[in-house]
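Welcome, and thanks for taking a look at this one. Here is a short tour of how the pieces fit together.

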Amino acid sequence: MRGGGTRTVRIRESTCGPVISDLPLLRRRGSIALRWMGHAASDEFTALLDLNRATSWQEFRDALAFLAVPGQNMLYADAGGNIGKTMACKLPRRRWRRRESIISPLKFAAEWDDIVAGWDLPSTFNPEEGFVASANDEPPATPVPGPPLPRAPPGRTTAAALPWP
């Protein structure tokens, strides 16, 4: 900190991510590590620049292959009347299982070696409904298993397509 002098800070890293239990607010018995895709190298700037230059659905999806965090639903529309929706993020393909605690044993660390991104994630192009929307709705089935997440009530995106009263 400015004017605070010099001090040495120890930062420990593990296969499960940085050790956060060394922080004064989290000190306790044992170590807690937190792994997140945002800790890995990624290139969101290139993704967003390429996204702005995309002239087709193919180029749009190719650009999003670089985007890692935060996970986004991305909507597409072009002058030809084409529309689409795709997920843009990088996710570890981990087997979902309910755990007894938030602390994951080291034996699960290898599950972060298989990363799913870009063209492997769900998308829709020119859907039968004739529209695409993103309103915190349940994402389509993915090759990445995970815990059930709280989502908006079913039908929220279809309700958005109804005419105004």
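## The hairpin

In this predicted model, 5 residues lie between the strands of the hairpin formed by S3 and S4, and Gly81 there takes a positive phi near 90°. The two strands, S3 and S4 (residues 83-88), are antiparallel and share 6 bridges. If you would like a pair to click on, Asn73 stands opposite Met87 in S4.

## The sheet

Let's widen the view. The hairpin strands belong to an open sheet of 3 strands, ordered S3-S4-S7, with antiparallel pairing. S3 and S7 (123-125) are the edge strands, each pairing on one side only. From one strand to the next, the twist averages 15°. As general background, strands of a sheet pair through backbone hydrogen bonds, either parallel or antiparallel.

Between S4 and S7 there are 3 bridges, and these strands run antiparallel. Gly84 has Phe125 in S7 as its bridge partner. Helix H2 packs on the sheet, where it touches S3, S4 and S7. The direction of H2 makes about 15° with that of S4.

## Two helices side by side

How do H1 and H2 pack, in angle and in distance between their axes? The angle is about 170°, and the axes of H1 and H2 are 8 Å apart. Angles over 145 degrees count as roughly antiparallel, so H1 is roughly antiparallel to H2.

On the H1 side, the residues that meet H2 are Ala47, Asp50, Leu51 and Arg53. Their counterparts in H2 are Glu59, Phe60, Ala63 and Leu64. Sorted by class, the contact of H1 with H2 has 5 nonpolar and 3 charged residues, with no polar ones.

## The nonpolar core

Which residues make up the largest nonpolar core? There are 10 in all: Ala47, Leu51, Trp57, Phe60, Ala63, Leu64, Leu67, Met74, Tyr76 and Ala88. At least two residues of this core come from each of helix H1 (44-53), helix H2 (57-64) and strand S3 (72-77). H2 gives the largest share, 4 residues. In soluble globular proteins, nonpolar side chains tend to be buried together.

Phe60 is a handy place to center your viewer. This core residue touches Leu51, Ala54, Met74, Leu75, Tyr76 and Thr86, leaving aside residues up to four places away in sequence. Among these contacts of Phe60, Leu51, Met74 and Tyr76 are also members of the core.

Note on methods:
Residues are numbered from 1 along each chain as its sequence is written. This is a predicted model: local features need pLDDT of at least 70, side-chain atom pairs count only at pLDDT 80 or more; totals for chains, interfaces and linings use all residues. Side-chain values use heavy atoms; hydrogens and water are left out. A nonpolar core is a set of buried Ala, Val, Leu, Ile, Met, Phe, Trp, Tyr and Cys residues joined through side-chain atoms within 4.5 Å. Buried means under 20% relative accessible area, exposed over 50%, partly exposed in between (1.4 Å probe, protein chains only). Contact means heavy atoms within 4.5 Å. Two strands pair if DSSP finds at least two bridges between them. Axes are lines fitted to C-alpha atoms, for helices over the stretch in contact, and angles run from 0 to 180 degrees between N-to-C directions. Angles under 35 degrees count as roughly parallel, over 145 as roughly antiparallel, 65 to 115 as roughly perpendicular and the rest as oblique. Ala, Val, Leu, Ile, Met, Phe, Trp, Tyr, Cys and Pro count as nonpolar, Asp, Glu, Lys and Arg as charged, and the others, Gly among them, as polar.
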